[in-house]
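Q: Please take a close look at the second largest pocket. Which residues line it, and which elements supply them?

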Amino acid sequence: MLHHTLTGPEDAPVLVLGNALGATTELWSGFSLPFRLLRFDHRGHGGSAPVQGPCTIEDLAQDVVELLDHLGLRQVYYCGVSLGGMVGMWLAAHTDRVSRLALVCTTAWVPDKARLDERIELLRAHGMEAVADTIVSRWFTPACAPDVVARFRAELLEVDLPSYLACVEAVRAMDLRGDLAKIDVPTVVIAAAQDHATPTELVRHIADDLPDSELYVVGDAAHLAVVEAPRTISVILDDHFGND
């Protein structure tokens with residue numbers, strides 16, 4: 001079972017918050033939303049136990065389905081960043097558990113597989129320390145507070161290496177483009193203008209292919225835009241999920 005927290009008013013709708021690869025539930029520490037918030041850690045991240053062997057985006061999504069079943073939650077709102085957004089797309093396309101969806105700084109496929117191949121090679125040869133600075137430099141803009149960057153870098157180094165590798169390989173193999181037409185729930189898609197991991201044009205492809213979506217581009221933020229621009233994104237999410 002995934003490590004999770006469930007906080008907020010018991011009579012409020014449940015909003016599930018899915019993390020980026022290499023991040024934990026701390027990703028959402030700057031958020032105050034009028035929902036019952038279900039935060040979880042992907043396998044091998046934060047408080048979640050490692051799972052041996054390879055995995056797919058479907059496997060990671062089924063982890064979330066198992067968590068929802070465990071908590072007795074039939075249907076939820078879902079917001080995911082990066083890997084969390086990929087999981088959200090799979091859930092919305094293949095299950096009836098998501099009634100409204102938000103996708104932040106994510107993509108339905110990875111055109112530049114060479115970058116991930118290089119990361120996988122470095123991870124296998126030298127461990128997480130060899131890639132940590134490169135990853136974190138894509139997460140934040142140069143203007144981000146150094147203590148915030150250091151905190152997220154430290155969390156990244158604590159992630160179980162085999163689990164992280166399995167998730168990277170799942171992202172590399174993923175292609176959800178054919179699933180987008182199956183997503184029939186209202187969706188908000190958020191890009192960050194300074195995100196070099198999932199540039200705006202990649203995020204825009206998702207919005208273009210979804211039957212019912214709106215696209216927003218946040219200015220002064222990079223890949224972990226929910227950390228650098230929490231107030232802006234909170235307003236977008238509150239408006240989107242509050243209109244059900």
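A: A pocket here is an open set of points on a 1 Å grid over the protein atoms alone, where a 1.4 Å probe fits and protein lies on both sides within 12 Å along at least five of seven lines; lining residues have an atom within 4 Å of a point. The model is predicted: local features need pLDDT of at least 70, side-chain atom pairs count only at pLDDT 80 or more, and totals for chains, interfaces and linings use all residues. Numbering runs from 1 along each chain as its sequence is written, and side-chain values use heavy atoms, without hydrogens and water.

The lining of the second largest pocket consists of Arg115, Glu118, Arg119, Leu122, Ala130, Val131, Thr134, Ile135 and Arg138. Its volume is about 160 Å³ (space filled by probe spheres set on the points, with grid points joined across faces, edges and corners). Helices α3 and α4 each give at least two of the lining residues (helices are DSSP runs of H or I, at least four residues, numbered from the N terminus), and α4 gives the most, five. By class, four lining residues are nonpolar, one is polar and four are charged (nonpolar: Ala, Val, Leu, Ile, Met, Phe, Trp, Tyr, Cys and Pro; charged: Asp, Glu, Lys and Arg; polar: the others, Gly among them).

The axes of α3 and α4 are 8 Å apart, at an angle of about 145 degrees (lines fitted to C-alpha atoms over the stretch in contact, with angles from 0 to 180 degrees between N-to-C directions). Arg115, Arg119, Leu122, Leu123 and His126 of α3 meet Ala130, Val131, Ile135 and Arg138 of α4 (contact: heavy atoms within 4.5 Å).
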